[in-house]
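Work through the exercises below with the sequence and the model at hand. Try each task before you read its solution.

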Amino acid sequence: MSNDTTATDAFPQAEDLSGPLLTVKDLRTTFSTPRGDLTAVDGVSLELGRGETLGIVGESGSGKTVLSRSIMGLLPRSKTTQSGSILFEGTEIVDAPDATLRDIWGAKIAMVFQDPMTSLNPVVRIERQITESLRLHTTMDKAEAKATAISLLGQVGIPSPAERVRAYPFQLSGGMRQRVTIAIALACSPRLLLADEPTTGLDVTVQAQILDLLSSLQAERHMAVILVTHDLGVVATRTDRIAVMYAGHIVEMASTRRLFASMAMPYTQALLKSTPRISDPSHTRLTAIDGRPPDLINPPTGCAFAPRCDYATEQCRIEAPPLRTAPEDPTHLFACWNPLQTGHAGTVTTAKGEL
Amino acid sequence: MSAESTPLLTVNDLVVSFKKGRQVVQAVAGISFDVFEGETLGLVGESGCGKSTTGRAIVRIEEPTSGEVAVEGRQLTGLGRSELRKARTSIQMIFQDPVSSLNPRRRVKDIVAEPLDIWKTAEGAERDAIVREMLEAVGLDPDVAGERFPREFSGGQCQRISIARALVMKPKVLICDEMVSALDVSVQAQILNLVEDLKAKYGLTLVFIAHDLAVVKNVSDRVAVMYLGRLCEVAPSDDLYALPAHPYTQALLSAVVEPDPEKAASHVALTGEPPSPINPPSGCRFRTRCPKAEERCATEVPELREIAPRHQVACHFPTLRA
Amino acid sequence: MEPKAVVPSRKRKPLGKVFWISVGWIGLVFLLAIIASWIGLEDPNNGDYALINAGPSWGHPFGTDDLGRDILSRVIYGARVSLIVGFGAMAIGMTLGGTLGMIAAYRRGAVDTLVSAASYVMLAFPALVAVIAIVAFWGHEIWKITIIVGIASTPLVYRVIRAATLSYATREFVTAAKAQGATDTRILTRELLPNVLPTVISYFLIGVATVIILEGALAFLGLSVPAPTASWGNMINESRTYLSDNPWLALFPSLAMFLFLIALNLVGDTLRQSFDVQESKL
Ligand SMILES: Nc1ncnc2c1ncn2[C@@H]1O[C@H](COP(=O)(O)OP(=O)(O)OP(=O)(O)O)[C@@H](O)[C@H]1O
Ligand SMILES: Nc1ncnc2c1ncn2[C@@H]1O[C@H](COP(=O)(O)OP(=O)(O)OP(=O)(O)O)[C@@H](O)[C@H]1O
Ligand code: SF4
Ligand SMILES: [Mg+2]
Ligand SMILES: [Mg+2]
């Protein structure tokens with residue numbers, strides 16, 4: 001753990017609005033499984049400013065969910081080991097005591113899960129599911145909490161919220177349920193909202209409604225959002241920055257515009273090219289990525305993407321590429337020996353700093 | 001694929017209703033379309049609009065309440081049990097969940113050979129040869145894959161096994177119900193390419209059901225848009241996506257997110273969700289959410305009519321081309 | 001190039017030492033019960049009146065009972081009754097209840113409604129009382145007890161197998177088979193049965209254990225196989241009178257029954273868990 005932890009623990013800087021909201025440094029999350037140790041998040045570093053939206057994209061199994069749950073400190077303690085540091089408003093999350101985490105959960109960091117049917121308690125009325133955290137983290141009494149719950153339901157676009165607040169989850173449609181989980185997440189005005197595939201499985205029209213809702217709520221509340229998804233379309237127009245994950249690593253990170261305009265990682269490009277687009281004529285041949293992601297228990301040496309990469313060279317198979325910055329744009333990071341346009345002259349940085 | 005030729009698959013006024021307690025749900029409320037030989041017809045619409053039910057009724061896994069389904073002019077509806085069993089080999093279905101559509105306790109080679117065993121079309125060495133050919137056709141190594149169980153395969157590979165099983169009897173029509181919805185984009189692209197290749201190789205005719213409009217556009221020659229048990233619009237895919245005439249198609253297309261930050265974030269004209277099929281709106285079923293709805297829409301059901309060659313719309317006020 | 005790789009085959013978790021010891025124990029009991037007549041055991045039904053209620057000795061390792069009969073011999077012969085009643089009754093219950101359960105879950109509709117209703121009616125009836133009444137009325141030969149207990153277990157087996165089948169009957173591989181033109185019989189035997197089999201096996205073993213206890217309960221009411229035939233239940237029942245004089249009389253049959261039941265439950269449970277783990281990987 002880094003030195004600054006001890007300093008900030010003594011002086012919680014909740015009022016300090018300068019500096020990043022969240023700093024992740026060299027985070028490594030490992031599960032022990034019957035087959036061996038599985039490193040699901042492998043040396044991830046990132047920063048998130050207040051009110052910023054970060055998209056995390058990647059294929060299934062790339063570690064998006066594990067990363068977002070690590071940030072929230074939500075992973076089971078047994079069979080999980082973590083190293084590195086996660087500072088949220090100066091509080092260290094890695095190995096934090098339960099009491100510290102409980103103060104943060106719901107109140108400062110909240111989460112929207114993929115499947116509202118399993119994240120909502122089926123036998124408890126919506127009202128109580130929203131007011132629970134309000135009563136826990138604020139001094140509101142029952143009536144105030146209920147009024148807040150109704151107003152929250154109104155804000156997330158549920159018609160006739162005063163009646164709906166008495167409903168059970170099964171009485172609502174999928175889209176409505178996801179709105180309810182958003183209302184629950186927003187109850188205590190968190191500084192950071194983690195949305196893990198919030199629209200996967202919803203219809204396009206409902207997906208657009210939910211994404212619009214998240215954007216407008218975020219702007220209103222100046223809340224930071226981490227939007228986890230496997231769909232590049234979802235993050236393209238609704239994020240400030242995007243981090244692309246592959247096999248537990250962040251392989252490319254840049255502002256959204258920069259990423260789409262001049263991506264450096266062959267993986268990002270491959271992901272984009274294999275996505276069918278509505279603007280392409282029908283029967284456009286997709287460029288599929290052959291093979292599949294590596295086994296995280298026995299990761300390959302060198303670049304994890306090398307076996308599937310069209311640009312791979314001998315060097316890629318031997319030596320893992322470090323994260324480096326693009327010369328034209330210091331906020332554009334990528335980990336590749338043969339980047340697409342940026343050329344080979346990037347400054348090499350690693351999780352520990354400049355080399 | 002010419003419009004003059006006789007269609008391979010004809011669906012005429014298909015109705016499927018379910019009893020839910022004392023109420024009746026018309027999941028499919030009278031739809032008609034033709035699919036020509038070698039063509040891919042895409043079927044899109046929101047969840048619950050009756051896409052799967054349509055597909056299942058065509059294969060007659062779901063019993064149609066009324067209406068007709070014919071393959072090569074031969075009626076499937078009204079066939080007896082054993083006749084139907086035989087007819088089923090010419091029309092096959094692939095399902096959404098790659099894992100649940102394979103029997104977890106049987107070996108891959110037996111799963112693929114199942115139709116051959118049922119119909120005793122091939123035995124012994126011939127059967128094994130066919131299985132090998134099919135597994136190779138879908139991009140699996142028969143020596144490695146054949147002896148294994150489905151749980152040892154990834155989702156995409158399971159979907160390949162399903163395809164092999166569906167093709168083993170050389171069917172004419174293949175109904176794909178959300179066959180790539182559960183897959184990662186990279187795998188999805190592999191499977192979509194595979195489908196295109198196999199279609200060319202075996203001369204397949206496809207009904208491709210999906211809720212992802214970009215996927216449907218990619219594989220389809222024509223696309224049918226469904227809303228609450230009815231068809232709204234049927235047109236060649238490039239036409240439909242370029243010049244949608246039905247307000248629902250327009251709303252659906254505007255909600256699609258594209259991987260391109262220069263395209264402004266969508267602003268959906270559509271609010272709310274589809275009404276319950278138990279109590280559908282009178283007249284046009286879309287009128288409760290339609291920005292163009294007028295009085296006539298509540299009283300008169302819009303029929304599917306041709307507004308341009310091969311472009312049909314069921315709307316009283318469609319957007320016509322200039 | 002299309003991907004041809006497959007996931008490496010996942011190893012099964014070993015079943016463990018306790019499991020194999022239990023299996024060994026069950027096997028041993030079976031073996032002894034079968035070969036009882038040929039291994040030179042003393043006559044289980046005719047005792048040595050000179051040696052009544054004796055403790056363990058070289059000649060009688062488990063001692064003798066109130067009629068001078070060799071307890072070891074009686075425990076081994078008694079196993080026959082427990083095994084026949086236990087496995088026989090469950091075989092009947094599984095065949096009837098299992099078949100009905102699979103058919104009802106697969107066909108649903110009227111068949112399901114009817115059979116399920118019948119099962120509820122039977123379940124609502126206190127089974128033990130019914131069994132006692134019928135045994136008392138019809139007679140307590142071993143085959144009669146087996147049939148009666150077997151039928152009594154049918155509704156419970158039916159419910160378990162129906163539930164197990166139901167979770168597979170709605171999966172798409174069943175629909176897929178139907179769409180291939182498979183007949184109902186083929187779907188039931190080739191598609192559904194292999195999936196329900198794990199439940200059948202583990203439930204069968206636990207069911208056998210329950211039936212063996214039931215035999216003990218019948219014996220307590222004097223309704224198990226008629227004297228002098230030995231059964232574990234009968235022996236425990238007879239030992240009641242001599243508990244203070246001859247505790248061995250109660251100890252050995254109880255121990256035999258206890259260990260056998262534990263072994264059955266352990267094996268059944270371990271199998272179920274092992275199947276569940278495989279299931280979760282599917
Ligand atoms: N509790 C756990 N124990 C062991 N391994 C785990 C655990 N949770 C996740 N993993 C593994 O960690 C890797 C990353 O998983 P993760 O769920 O973060 O992927 P993801 O990017 O969210 O994928 P998806 O798009 O499918 O949600 C996977 O290989 C997964 O099998
Ligand atoms: N077996 C059934 N019994 C009763 N109602 C059913 C049954 N199957 C489907 N329905 C109803 O019919 C309607 C159409 O369902 P269907 O599954 O065809 O929709 P879909 O368009 O395939 O949706 P999705 O995109 O969610 O798969 C729904 O309202 C559904 O609840
Ligand atoms: S018929 Fe009327 S309500 Fe229906 S889509 Fe057209 S304009 Fe809208
Ligand atoms: Mg995830
Ligand atoms: Mg469906």
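Three exercises follow, one on a ligand site and two on chain interfaces.

This is a predicted model, so local features need pLDDT of at least 70 and side-chain atom pairs count only at pLDDT 80 or more, while totals for chains, interfaces and linings use all residues. Residues are numbered from 1 along each chain as its sequence is written, chains are lettered from A and ligands numbered from 1 in the order in which they are written, and side-chain values use heavy atoms, with hydrogens and water left out.

**Exercise 1. The ligand site**

Task: State which residues come nearest to ligand 1, and describe the shell around ligand 1.

Solution.

Step 1. List the neighbours. A residue counts as near if one of its heavy atoms lies within 4 Å of the molecule. Around ligand 1 there are 14 residues. Ser60(A), Gly61(A), Lys64(A), Thr65(A) and Val66(A) come nearest.

Step 2. Look for polar contacts. A polar contact is a pair of N or O atoms within 3.5 Å; within protein, one must be able to donate a hydrogen and the other to accept it, and residues adjacent in sequence count only if both atoms are side-chain atoms. The side chain of Ser60(A) places an N or O atom 2.5 Å from an oxygen atom of ligand 1. Lys64(A) has a polar side-chain atom 2.9 Å from a ligand oxygen. Gly63(A) uses a backbone N or O atom, at 3.1 Å from an oxygen of the ligand.

Step 3. Check the burial. Ligand 1 alone exposes 630 Å², and the protein buries 64% of that. These accessible areas come from the Shrake-Rupley method with a 1.4 Å probe; for residues, only the protein chains shown count as cover.

Step 4. Assign the elements. Helices (H or I, at least four residues) and strands (E, at least two) are DSSP runs, numbered from the N terminus. Strand 1 (22-33), strand 2 (36-48) and helix 2 (64-72) of chain A each give two or more residues to the shell. Helix 2 of chain A has the largest share, three residues.

Step 5. Sort by type. Ala, Val, Leu, Ile, Met, Phe, Trp, Tyr, Cys and Pro count as nonpolar, Asp, Glu, Lys and Arg as charged, and the others, Gly among them, as polar. The shell holds five nonpolar, six polar and three charged residues.

**Exercise 2. Chain C against chain B**

Task: Give the buried area between chain C and chain B, and name a salt bridge between them.

Solution.

Step 1. Take the area. Buried area is the accessible area (1.4 Å probe) that two parts lose on being put together, summed over both. Between chain C and chain B about 3,200 Å² is buried, and carbon and sulfur atoms give 50% of it.

Step 2. Find the salt bridges. The criterion is a side-chain nitrogen of Lys or Arg within 4 Å of a carboxyl oxygen of Asp or Glu. Two are found here. One of them joins Glu191(C) to Arg106(B), at 3.1 Å from N to O.

Step 3. Count the polar contacts. There are ten residue pairs, both at pLDDT 80 or more.

Step 4. Locate the surface. Helix 6 of chain C gives the most to the side that touches chain B, with eight residues.

**Exercise 3. Chain B against chain A**

Task: Repeat the analysis for the interface of chain B and chain A.

Solution.

Step 1. About 3,800 Å² is buried, with 53% from carbon and sulfur atoms.

Step 2. Two salt bridges cross the interface. Among them, Glu262(B) pairs with Arg257(A), with the closest N and O atoms 2.9 Å apart.

Step 3. Polar contacts join 19 residue pairs, both at pLDDT 80 or more.

Step 4. Helix 7 of chain B gives the most to the side that touches chain A, ten residues.
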